[in-house]
Amino acid sequence: MSDRNQKYRDNVAAACSQHIGDEIIAIGIFSPRGTAGAVGMIEGASPLLGTLMRRRAKSNAGGVPQTAVYALTANALHVLDGTPKAKSWKIKKHVAAWPRTSFTARPVAGSVTDQVELTFDDGATIGLESIKFGAQGFNGEIIDHLTQSAATG
């Protein structure tokens, strides 16, 4: 993990902490699973197919923003909507908080994306992804925390 990634995570966590009452354990930035492929299609082979893929990814996202910050605390996974800035994020609003005991998480293999799937007690699932950056990726830390909690919880 590079120092630059950790500094960015720290800056994003500081921006999120104003909206969350608990200490943040790990932070990540995700889009609904399927978004990366949709963007590739929009920018390349088939803009129409890419638009349809993006709509499908959004409809399967459980109402979370297209790209959001996910902040993990000891008690919950928080979803925050915002806008990326040069060295952090400007958080617009707190969108959701899911108690850690209300879902399980499992990593999903992706060739160009880091992915995690959340399965809630009611059977609903939300797949999240982000483009990989480096060996573990920017979101490796939060994925590890989420999936280890599921394995030990």
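This section describes strand pairing, aromatic contacts and charged contacts in a predicted model.

Strand β2, which spans residues 68-73, is mostly covered, with six of its six residues buried. The burial extends to both of its faces, since Ala68, Tyr70 and Leu72 on one side are buried, as are Val69, Ala71 and Thr73 on the other. On either side of the sequence of β2 lie the strands with which pairing is found. Strand β1, residues 24-32, pairs with β2 in the antiparallel sense over six bridges, and within this pairing Gly28 has Tyr70 of β2 as its bridge partner. Strand β3, residues 76-84, also pairs with β2 in the antiparallel sense, in this case over four bridges, and here Val69 is matched with Leu80 of β3 as its bridge partner. The strands β2 and β3 form a hairpin, with two residues between them.

Strand β1 has a further antiparallel neighbour in β7, to which it is joined by two bridges; in this pairing, the bridge partner of Pro32 is Leu128 in β7. Strand β7 itself, residues 125-131, is mostly covered, five of its seven residues being buried. Seven bridges join β7 to β6 in an antiparallel arrangement, and among the residues involved, Gln115 has Glu129 of β7 as its bridge partner. Four residues lie between the strands in the hairpin of β6 and β7, where Gly123 adopts a positive phi near 95°.

Aromatic contacts were examined next. A pair of aromatic rings is described by the distance between the centres and the angle of the planes. Four aromatic pairs are present in the structure. In one of them, the ring centres of Phe30 and Tyr70 are 5.6 Å apart and the planes stand at 80°, so the pair is classed as edge-to-face, an angle over 60 degrees being the criterion for that class. Because Phe30 belongs to strand β1 and Tyr70 to strand β2, this contact ties together parts that are 40 residues apart in sequence. Both Phe30 and Tyr70 are buried, and Tyr70 is also the residue of β2 that serves as bridge partner to Gly28.

A second pair, formed by Phe103 and Phe120, is tilted, with 5.7 Å from centre to centre and 55° between the planes. Phe103 lies in strand β5, residues 103-108, and Phe120 in strand β6, residues 113-120, so this pair ties together parts that are 17 residues apart in sequence. Phe103 has a relative accessible area of 8% and is therefore buried; Phe120, at 12% relative accessibility, likewise counts as buried. The two phenylalanines do not stand alone, as ring pairs link Trp98, Phe103 and Phe120 into a cluster.

The remaining contacts concern charged side chains. Side chains of opposite charge can pair when their charged atoms come close. A search of the whole structure identifies two salt bridges. In one, the side chains of Glu141 and Arg9 meet at 3.9 Å, N to O, a distance that falls within the 4 Å cut-off for a salt bridge. This pair links distant parts of the chain, with Glu141 in helix α4 (residues 140-152) and Arg9 in helix α1 (residues 3-17), 132 residues apart. The partners are placed in unlike surroundings with respect to solvent accessibility: Glu141 has a relative accessible area of 22% and is therefore partly exposed, whereas Arg9, with a relative accessible area of 3%, is buried. Arg9 takes part in a further contact, for it lies over the face of Phe138, at 4.8 Å from the ring centre.

The other salt bridge is formed by the side chains of Arg106 and Glu117, which meet at 3.3 Å, N to O. Since Arg106 lies in strand β5 and Glu117 in strand β6, the pair ties together parts that are 11 residues apart in sequence. Arg106 counts as partly exposed, at 44% relative accessibility, while Glu117, with a relative accessible area of 13%, is buried. Strands β5 and β6 are thus connected by this salt bridge and also by the tilted ring pair of Phe103 and Phe120.

Note on methods
Residues numbered from 1 in each chain as written. Predicted model: local features only at pLDDT ≥ 70, side-chain atom pairs only at ≥ 80, totals over all residues. Heavy atoms only, no water. Buried < 20%, exposed > 50% of the residue type's maximum accessible area, 1.4 Å probe, protein only. Pairing = 2+ DSSP bridges. Phe/Tyr/Trp six-rings, centres within 6.5 Å; stacked < 30°, edge-to-face > 60°. Lys NZ or Arg CZ within 6 Å of the ring centre and 35° of its normal.
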